[in-house]
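This report walks through selected features of one protein model. Please keep the sequence and the 3D view at hand.

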Amino acid sequence: MSLANLTNHQIRLAARPVGMPKATDWSHTTEAVTEPADGGIVIKTLALSLDPAMRGWMNEGKSYIPPVGIGEVMRAGGVGKVIASKSDKFAVGDLVSATLGVQEYVTLTADEFKRNGIFKIDQRAGTVTQWLNVLGMPGMTGYFGLMDVGMPKAGETVVVSGAAGAVGQTVGQIAKLKGCRVVGIAGGAAKCDWVVKELGFDACIDYKAGPGAVRAGLKEHCPKGVDIYFDNVGGEILDDVLAKITRGARIIICGAISQYNNTTAVQGPKNYLSLLVNRARMEGIVVFDYADRYHLAVAEMAGYIREGKMKSKEDVVVGLQTFPDTLLKLFNGENFGKLVLEVAKD
Ligand code: NAP
(Lines give C-alpha, C1' and ligand atoms only; values in the text may rest on other atoms or scores of the structure.)
Protein backbone atom coordinates (compact mmCIF):
# COMPACT_ATOMS: atom_id res chain seq x y z
CA MET A 1 0.00 0.00 0.00
CA SER A 2 1.25 3.49 -0.82
CA LEU A 3 1.26 5.77 2.20
CA ALA A 4 1.93 8.86 0.10
CA ASN A 5 -1.72 9.77 -0.42
CA LEU A 6 -2.88 9.15 3.14
CA THR A 7 -3.74 11.99 5.49
CA ASN A 8 -3.74 11.47 9.24
CA HIS A 9 -6.50 13.37 11.07
CA GLN A 10 -5.65 13.89 14.72
CA ILE A 11 -7.15 15.38 17.85
CA ARG A 12 -4.73 17.15 20.16
CA LEU A 13 -5.02 18.59 23.64
CA ALA A 14 -5.13 22.37 23.22
CA ALA A 15 -5.77 23.47 26.83
CA ARG A 16 -6.10 21.95 30.28
CA PRO A 17 -9.83 21.78 31.05
CA VAL A 18 -11.41 23.29 34.10
CA GLY A 19 -14.37 21.09 35.00
CA MET A 20 -15.97 19.25 32.10
CA PRO A 21 -13.80 19.33 28.92
CA LYS A 22 -15.11 21.69 26.23
CA ALA A 23 -14.61 22.08 22.49
CA THR A 24 -11.86 24.70 22.88
CA ASP A 25 -9.76 22.27 24.93
CA TRP A 26 -9.08 20.38 21.67
CA SER A 27 -7.47 21.13 18.32
CA HIS A 28 -7.99 19.18 15.09
CA THR A 29 -4.88 18.73 12.96
CA THR A 30 -3.77 16.82 9.86
CA GLU A 31 -0.41 15.36 8.91
CA ALA A 32 1.00 13.19 6.14
CA VAL A 33 1.49 9.55 7.05
CA THR A 34 5.20 8.78 7.25
CA GLU A 35 7.00 5.64 6.11
CA PRO A 36 8.16 3.35 8.92
CA ALA A 37 11.83 3.32 9.89
CA ASP A 38 13.74 0.03 9.75
CA GLY A 39 12.08 -2.25 12.32
CA GLY A 40 9.00 -0.01 12.53
CA ILE A 41 5.38 -0.20 11.38
CA VAL A 42 2.39 1.96 10.43
CA ILE A 43 -0.96 1.16 12.05
CA LYS A 44 -4.36 2.25 10.80
CA THR A 45 -6.67 2.91 13.76
CA LEU A 46 -9.90 0.91 13.70
CA ALA A 47 -11.37 1.56 17.15
CA LEU A 48 -10.35 3.57 20.19
CA SER A 49 -11.10 2.96 23.84
CA LEU A 50 -12.61 6.03 25.48
CA ASP A 51 -11.84 5.92 29.18
CA PRO A 52 -12.64 8.03 32.24
CA ALA A 53 -8.89 8.08 32.93
CA MET A 54 -8.50 10.38 29.91
CA ARG A 55 -9.87 13.19 32.05
CA GLY A 56 -7.03 12.68 34.53
CA TRP A 57 -4.41 12.56 31.78
CA MET A 58 -5.52 16.05 30.71
CA ASN A 59 -4.56 17.53 34.11
CA GLU A 60 -1.16 18.86 35.08
CA GLY A 61 0.44 17.13 38.02
CA LYS A 62 1.90 13.88 39.28
CA SER A 63 -0.02 10.69 38.62
CA TYR A 64 0.69 7.09 37.71
CA ILE A 65 1.43 8.23 34.14
CA PRO A 66 2.66 11.63 32.83
CA PRO A 67 -0.04 14.06 31.67
CA VAL A 68 -0.68 14.53 27.96
CA GLY A 69 1.27 17.63 26.96
CA ILE A 70 -0.43 20.67 25.49
CA GLY A 71 -0.29 20.30 21.71
CA GLU A 72 0.21 16.52 21.86
CA VAL A 73 -2.10 14.00 20.21
CA MET A 74 -4.53 12.85 22.91
CA ARG A 75 -3.48 9.51 24.41
CA ALA A 76 -5.84 6.59 23.73
CA GLY A 77 -5.60 2.85 23.61
CA GLY A 78 -7.10 1.13 20.62
CA VAL A 79 -7.11 -1.64 18.07
CA GLY A 80 -5.70 -1.12 14.59
CA LYS A 81 -4.38 -2.90 11.54
CA VAL A 82 -0.76 -2.92 10.44
CA ILE A 83 -0.69 -1.36 6.95
CA ALA A 84 3.08 -1.07 6.43
CA SER A 85 5.86 -3.00 8.11
CA LYS A 86 9.64 -3.09 8.19
CA SER A 87 9.47 -5.25 11.32
CA ASP A 88 9.94 -8.97 11.73
CA LYS A 89 7.51 -8.90 14.67
CA PHE A 90 4.43 -7.53 12.91
CA ALA A 91 3.24 -8.19 9.37
CA VAL A 92 0.92 -6.17 7.15
CA GLY A 93 -2.62 -7.25 8.00
CA ASP A 94 -1.96 -8.03 11.68
CA LEU A 95 -4.57 -6.70 14.09
CA VAL A 96 -2.90 -5.12 17.10
CA SER A 97 -3.80 -3.48 20.38
CA ALA A 98 -1.63 -0.51 21.36
CA THR A 99 -1.60 3.06 22.57
CA LEU A 100 -2.54 4.59 19.24
CA GLY A 101 -3.69 8.08 20.20
CA VAL A 102 -6.79 9.88 18.95
CA GLN A 103 -5.73 9.77 15.31
CA GLU A 104 -6.27 7.72 12.17
CA TYR A 105 -2.72 6.41 11.71
CA VAL A 106 0.33 5.99 13.87
CA THR A 107 3.90 5.27 12.77
CA LEU A 108 5.90 3.45 15.43
CA THR A 109 9.61 2.71 15.64
CA ALA A 110 10.73 -0.61 17.13
CA ASP A 111 11.90 1.32 20.22
CA GLU A 112 8.34 2.53 20.79
CA PHE A 113 6.73 -0.94 20.76
CA LYS A 114 7.19 -1.56 24.48
CA ARG A 115 6.11 1.93 25.56
CA ASN A 116 2.98 1.64 23.40
CA GLY A 117 2.17 -1.78 24.83
CA ILE A 118 1.62 -3.29 21.39
CA PHE A 119 0.50 -6.89 21.00
CA LYS A 120 -1.33 -8.91 18.34
CA ILE A 121 -4.95 -9.69 19.04
CA ASP A 122 -6.60 -12.98 18.22
CA GLN A 123 -10.10 -12.55 16.86
CA ARG A 124 -10.90 -16.17 17.71
CA ALA A 125 -10.88 -15.09 21.38
CA GLY A 126 -13.07 -12.02 20.90
CA THR A 127 -14.17 -9.27 18.55
CA VAL A 128 -12.28 -6.00 18.07
CA THR A 129 -14.58 -4.24 20.54
CA GLN A 130 -14.33 -7.07 23.07
CA TRP A 131 -10.55 -6.61 22.95
CA LEU A 132 -11.18 -3.06 24.17
CA ASN A 133 -13.61 -4.25 26.82
CA VAL A 134 -13.65 -7.57 28.62
CA LEU A 135 -10.39 -8.82 27.04
CA GLY A 136 -8.77 -5.38 27.16
CA MET A 137 -7.78 -2.81 29.75
CA PRO A 138 -11.18 -2.51 31.53
CA GLY A 139 -11.56 -6.28 31.75
CA MET A 140 -8.04 -6.62 33.15
CA THR A 141 -8.84 -3.92 35.70
CA GLY A 142 -11.96 -5.73 36.82
CA TYR A 143 -10.25 -9.10 36.91
CA PHE A 144 -7.11 -8.17 38.85
CA GLY A 145 -8.84 -5.63 41.08
CA LEU A 146 -11.42 -8.16 42.14
CA MET A 147 -9.23 -11.26 42.28
CA ASP A 148 -5.96 -9.84 43.66
CA VAL A 149 -7.25 -7.11 45.94
CA GLY A 150 -10.82 -8.22 46.61
CA MET A 151 -9.95 -11.91 47.00
CA PRO A 152 -13.57 -13.07 46.71
CA LYS A 153 -14.78 -16.22 48.45
CA ALA A 154 -17.94 -18.07 47.51
CA GLY A 155 -20.91 -16.84 49.49
CA GLU A 156 -19.52 -13.34 50.07
CA THR A 157 -21.47 -10.24 49.08
CA VAL A 158 -19.80 -8.09 46.43
CA VAL A 159 -21.08 -4.61 45.59
CA VAL A 160 -19.87 -2.89 42.42
CA SER A 161 -20.62 0.68 41.36
CA GLY A 162 -20.59 1.76 37.72
CA ALA A 163 -22.13 -1.69 37.32
CA ALA A 164 -23.27 -1.34 33.70
CA GLY A 165 -19.99 0.19 32.57
CA ALA A 166 -16.91 -1.48 31.14
CA VAL A 167 -15.13 -2.39 34.37
CA GLY A 168 -18.32 -2.93 36.37
CA GLN A 169 -19.91 -5.44 34.01
CA THR A 170 -16.80 -7.60 34.13
CA VAL A 171 -16.37 -7.38 37.90
CA GLY A 172 -19.95 -8.44 38.57
CA GLN A 173 -19.84 -11.38 36.18
CA ILE A 174 -16.53 -12.68 37.54
CA ALA A 175 -17.82 -12.36 41.09
CA LYS A 176 -20.92 -14.40 40.12
CA LEU A 177 -18.69 -17.04 38.53
CA LYS A 178 -16.71 -17.21 41.79
CA GLY A 179 -19.92 -17.93 43.70
CA CYS A 180 -20.55 -14.53 45.27
CA ARG A 181 -23.78 -12.63 45.80
CA VAL A 182 -23.48 -9.58 43.53
CA VAL A 183 -25.23 -6.26 43.89
CA GLY A 184 -24.63 -3.56 41.30
CA ILE A 185 -25.11 0.19 41.61
CA ALA A 186 -25.91 2.04 38.38
CA GLY A 187 -27.74 5.10 37.09
CA GLY A 188 -31.26 4.42 35.84
CA ALA A 189 -33.71 1.56 35.50
CA ALA A 190 -32.52 0.43 32.05
CA LYS A 191 -28.95 -0.17 33.21
CA CYS A 192 -30.13 -1.84 36.43
CA ASP A 193 -32.50 -4.14 34.51
CA TRP A 194 -29.71 -5.13 32.14
CA VAL A 195 -27.20 -6.11 34.81
CA VAL A 196 -29.79 -8.23 36.61
CA LYS A 197 -31.62 -9.79 33.66
CA GLU A 198 -28.75 -10.12 31.17
CA LEU A 199 -25.67 -10.42 33.35
CA GLY A 200 -27.23 -12.32 36.23
CA PHE A 201 -26.42 -9.94 39.10
CA ASP A 202 -28.59 -10.69 42.15
CA ALA A 203 -29.79 -7.10 42.42
CA CYS A 204 -28.99 -3.58 41.25
CA ILE A 205 -29.54 -0.28 43.02
CA ASP A 206 -30.50 2.73 40.91
CA TYR A 207 -28.57 5.52 42.61
CA LYS A 208 -30.55 8.09 40.64
CA ALA A 209 -33.88 6.87 42.06
CA GLY A 210 -33.89 9.58 44.72
CA PRO A 211 -32.21 10.68 47.95
CA GLY A 212 -31.35 7.75 50.18
CA ALA A 213 -31.77 5.22 47.35
CA VAL A 214 -28.32 3.70 47.83
CA ARG A 215 -28.62 3.37 51.59
CA ALA A 216 -32.09 1.83 51.29
CA GLY A 217 -30.95 -0.49 48.49
CA LEU A 218 -27.93 -1.72 50.44
CA LYS A 219 -30.14 -2.42 53.43
CA GLU A 220 -32.55 -4.42 51.30
CA HIS A 221 -30.09 -6.30 49.09
CA CYS A 222 -27.11 -6.77 51.41
CA PRO A 223 -28.76 -8.07 54.60
CA LYS A 224 -25.46 -9.56 55.83
CA GLY A 225 -23.45 -6.46 54.90
CA VAL A 226 -20.85 -5.87 52.17
CA ASP A 227 -17.73 -8.06 52.14
CA ILE A 228 -16.19 -6.54 48.99
CA TYR A 229 -16.87 -3.16 47.45
CA PHE A 230 -15.44 -2.50 44.00
CA ASP A 231 -15.54 1.28 43.80
CA ASN A 232 -15.64 2.94 40.41
CA VAL A 233 -17.30 6.18 41.43
CA GLY A 234 -16.20 7.51 44.85
CA GLY A 235 -18.16 10.36 46.46
CA GLU A 236 -21.32 9.77 48.45
CA ILE A 237 -21.83 6.23 47.20
CA LEU A 238 -18.50 5.22 48.76
CA ASP A 239 -19.65 6.69 52.07
CA ASP A 240 -22.95 4.83 51.88
CA VAL A 241 -21.18 1.51 51.27
CA LEU A 242 -18.59 2.16 54.02
CA ALA A 243 -21.49 2.30 56.45
CA LYS A 244 -22.47 -1.30 55.49
CA ILE A 245 -19.15 -3.18 55.35
CA THR A 246 -18.51 -6.37 57.29
CA ARG A 247 -15.56 -7.27 59.51
CA GLY A 248 -12.48 -7.84 57.31
CA ALA A 249 -14.11 -6.22 54.24
CA ARG A 250 -12.01 -5.27 51.22
CA ILE A 251 -12.67 -2.07 49.30
CA ILE A 252 -11.02 -1.75 45.91
CA ILE A 253 -10.45 1.87 44.91
CA CYS A 254 -10.52 1.53 41.15
CA GLY A 255 -11.78 4.99 40.28
CA ALA A 256 -13.84 7.95 41.42
CA ILE A 257 -15.60 9.21 38.33
CA SER A 258 -17.99 11.35 40.38
CA GLN A 259 -14.96 13.52 41.26
CA TYR A 260 -13.03 13.77 37.98
CA ASN A 261 -14.58 17.02 36.75
CA ASN A 262 -14.68 18.73 40.14
CA THR A 263 -13.62 22.33 40.26
CA THR A 264 -13.44 22.01 44.05
CA ALA A 265 -11.41 19.57 46.17
CA VAL A 266 -12.06 15.84 45.77
CA GLN A 267 -14.69 14.65 48.25
CA GLY A 268 -12.97 12.08 50.47
CA PRO A 269 -14.75 9.40 52.50
CA LYS A 270 -16.37 10.71 55.67
CA ASN A 271 -17.18 7.23 56.98
CA TYR A 272 -13.59 6.00 56.93
CA LEU A 273 -13.61 5.03 60.61
CA SER A 274 -15.75 2.11 59.53
CA LEU A 275 -12.44 0.62 58.29
CA LEU A 276 -11.12 0.72 61.83
CA VAL A 277 -14.23 -0.68 63.49
CA ASN A 278 -14.44 -3.48 60.93
CA ARG A 279 -10.69 -4.20 60.60
CA ALA A 280 -11.28 -3.55 56.93
CA ARG A 281 -8.96 -2.56 54.10
CA MET A 282 -9.22 -0.01 51.30
CA GLU A 283 -6.66 -0.35 48.52
CA GLY A 284 -6.07 1.40 45.22
CA ILE A 285 -5.14 -0.41 42.02
CA VAL A 286 -3.58 0.59 38.70
CA VAL A 287 -4.20 -1.97 36.00
CA PHE A 288 -0.81 -1.54 34.30
CA ASP A 289 0.88 -3.16 37.32
CA TYR A 290 -0.60 -6.49 36.19
CA ALA A 291 0.57 -6.31 32.55
CA ASP A 292 2.81 -9.37 32.87
CA ARG A 293 -0.24 -11.46 33.86
CA TYR A 294 -2.77 -10.10 31.32
CA HIS A 295 -2.36 -13.20 29.17
CA LEU A 296 -3.57 -15.40 32.02
CA ALA A 297 -6.68 -13.31 32.63
CA VAL A 298 -7.37 -13.06 28.88
CA ALA A 299 -7.23 -16.85 28.58
CA GLU A 300 -9.67 -17.25 31.48
CA MET A 301 -12.09 -14.61 30.19
CA ALA A 302 -11.91 -15.89 26.61
CA GLY A 303 -12.87 -19.29 28.00
CA TYR A 304 -15.90 -17.79 29.75
CA ILE A 305 -16.95 -16.01 26.55
CA ARG A 306 -16.59 -19.23 24.55
CA GLU A 307 -18.65 -21.16 27.08
CA GLY A 308 -21.37 -18.48 27.09
CA LYS A 309 -20.65 -17.62 30.73
CA MET A 310 -19.60 -14.04 30.13
CA LYS A 311 -21.35 -11.33 28.15
CA SER A 312 -20.06 -7.96 27.10
CA LYS A 313 -21.74 -4.81 25.93
CA GLU A 314 -20.02 -2.10 23.96
CA ASP A 315 -21.44 1.31 23.09
CA VAL A 316 -19.90 2.16 19.71
CA VAL A 317 -19.92 5.72 18.37
CA VAL A 318 -18.64 6.29 14.83
CA GLY A 319 -16.24 9.03 13.73
CA LEU A 320 -12.91 10.37 15.01
CA GLN A 321 -14.19 13.94 14.84
CA THR A 322 -16.92 13.18 17.38
CA PHE A 323 -14.28 12.45 20.02
CA PRO A 324 -14.69 15.67 22.09
CA ASP A 325 -18.46 15.14 22.47
CA THR A 326 -18.35 11.36 22.69
CA LEU A 327 -15.90 11.45 25.60
CA LEU A 328 -18.45 13.40 27.63
CA LYS A 329 -20.87 10.48 27.52
CA LEU A 330 -18.74 8.83 30.22
CA PHE A 331 -19.29 11.70 32.62
CA ASN A 332 -23.00 12.17 32.13
CA GLY A 333 -23.78 8.45 32.12
CA GLU A 334 -24.93 8.38 28.47
CA ASN A 335 -22.70 5.43 27.60
CA PHE A 336 -24.31 2.04 28.08
CA GLY A 337 -21.46 -0.45 28.17
CA LYS A 338 -17.85 0.06 27.19
CA LEU A 339 -17.52 3.30 25.21
CA VAL A 340 -15.73 2.70 21.90
CA LEU A 341 -14.99 5.19 19.13
CA GLU A 342 -15.03 3.52 15.73
CA VAL A 343 -12.51 5.30 13.52
CA ALA A 344 -12.51 3.00 10.48
CA LYS A 345 -14.02 -0.31 9.43
CA ASP A 346 -11.68 -3.28 9.15
P1 NAP B 1 -17.79 3.18 32.45
O2 NAP B 1 -18.29 2.66 33.75
O3 NAP B 1 -17.98 2.38 31.23
O4 NAP B 1 -18.38 4.60 32.18
C5 NAP B 1 -18.45 5.58 33.16
C6 NAP B 1 -19.76 5.48 33.95
O7 NAP B 1 -19.60 6.14 35.20
C8 NAP B 1 -20.93 6.19 33.31
O9 NAP B 1 -21.57 5.42 32.33
C10 NAP B 1 -21.84 6.44 34.52
O11 NAP B 1 -22.70 5.32 34.70
C12 NAP B 1 -20.86 6.48 35.69
N13 NAP B 1 -20.84 7.82 36.28
C14 NAP B 1 -20.53 8.98 35.65
N15 NAP B 1 -20.64 10.00 36.52
C16 NAP B 1 -21.02 9.46 37.71
C17 NAP B 1 -21.30 10.01 39.00
N18 NAP B 1 -21.21 11.33 39.24
N19 NAP B 1 -21.67 9.16 39.98
C20 NAP B 1 -21.77 7.84 39.76
N21 NAP B 1 -21.52 7.26 38.56
C22 NAP B 1 -21.15 8.07 37.56
O23 NAP B 1 -16.23 3.50 32.63
P24 NAP B 1 -15.07 2.46 32.91
O25 NAP B 1 -14.10 2.55 31.83
O26 NAP B 1 -15.65 1.14 33.24
O27 NAP B 1 -14.41 3.04 34.23
C28 NAP B 1 -15.04 2.89 35.49
C29 NAP B 1 -14.12 3.41 36.57
O30 NAP B 1 -12.95 2.62 36.61
C31 NAP B 1 -13.67 4.85 36.38
O32 NAP B 1 -13.62 5.49 37.63
C33 NAP B 1 -12.27 4.69 35.82
O34 NAP B 1 -11.46 5.80 36.07
C35 NAP B 1 -11.81 3.47 36.58
N36 NAP B 1 -10.71 2.70 35.96
C37 NAP B 1 -9.61 2.53 36.72
C38 NAP B 1 -8.57 1.78 36.24
C39 NAP B 1 -7.37 1.55 37.12
O40 NAP B 1 -6.38 0.99 36.67
N41 NAP B 1 -7.46 1.94 38.38
C42 NAP B 1 -8.63 1.25 34.95
C43 NAP B 1 -9.80 1.44 34.19
C44 NAP B 1 -10.84 2.18 34.72
P45 NAP B 1 -24.15 5.49 35.39
O46 NAP B 1 -25.10 5.73 34.30
O47 NAP B 1 -24.31 4.21 36.11
O48 NAP B 1 -24.04 6.70 36.29
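Leaving aside its neighbours within four places in sequence, which residues is D94 in contact with?

## The D94 loop

The model is predicted. Outside its sequence neighbours within four places, D94 is in contact with G80, K81, V82, K89 and K120. D94 sits in the loop between β4 (77-85) and β5 (95-99).

The relative accessible area of D94 is 17%. Buried means under 20%, so D94 counts as buried. Its side chain also reaches the backbone nitrogen of A91, at 2.8 Å.

## The six-stranded sheet

An open sheet of 6 strands runs in the order β10-β9-β8-β11-β12-β13, with parallel pairing. Its edge strands are β10 (203-206) and β13 (281-284), and each pairs on one side only. Neighbouring strands are turned by 15° against each other on average, direction ignored.

β12 (residues 245-253) pairs with β13 in the parallel sense over 4 bridges. Here R250 stands opposite R281 in β13.

## Helices α4 and α9

α4 lies across three strands of the sheet: β8 (157-161), β9 (181-186) and β11 (226-231). Its direction is at about 170° to β8.

α9 covers residues 294-306, 13 in number. From first C-alpha to last, α9 reaches 18 Å, close to the 18 Å expected at 1.5 Å a residue. Its buried residues are Y294, A297, V298, M301, A302, G303, Y304 and I305. These buried residues pack against α3 (137-150) and α4 (166-177). Just after α9, G308 takes a positive phi of about 75°.

How values were computed: Residues are numbered from 1 along each chain as its sequence is written. This is a predicted model: local features need pLDDT of at least 70, side-chain atom pairs count only at pLDDT 80 or more; totals for chains, interfaces and linings use all residues. Side-chain values use heavy atoms; hydrogens and water are left out. Helices (H or I, at least four residues) and strands (E, at least two) are DSSP runs, numbered from the N terminus. The expected span of a helix is 1.5 Å times one less than its number of residues. Buried means under 20% relative accessible area, exposed over 50%, partly exposed in between (1.4 Å probe, protein chains only). Contact means heavy atoms within 4.5 Å. A polar contact is a pair of N or O atoms within 3.5 Å; within protein, one must be able to donate a hydrogen and the other to accept it, and residues adjacent in sequence count only if both atoms are side-chain atoms. Two strands pair if DSSP finds at least two bridges between them. Axes are lines fitted to C-alpha atoms, for helices over the stretch in contact, and angles run from 0 to 180 degrees between N-to-C directions.
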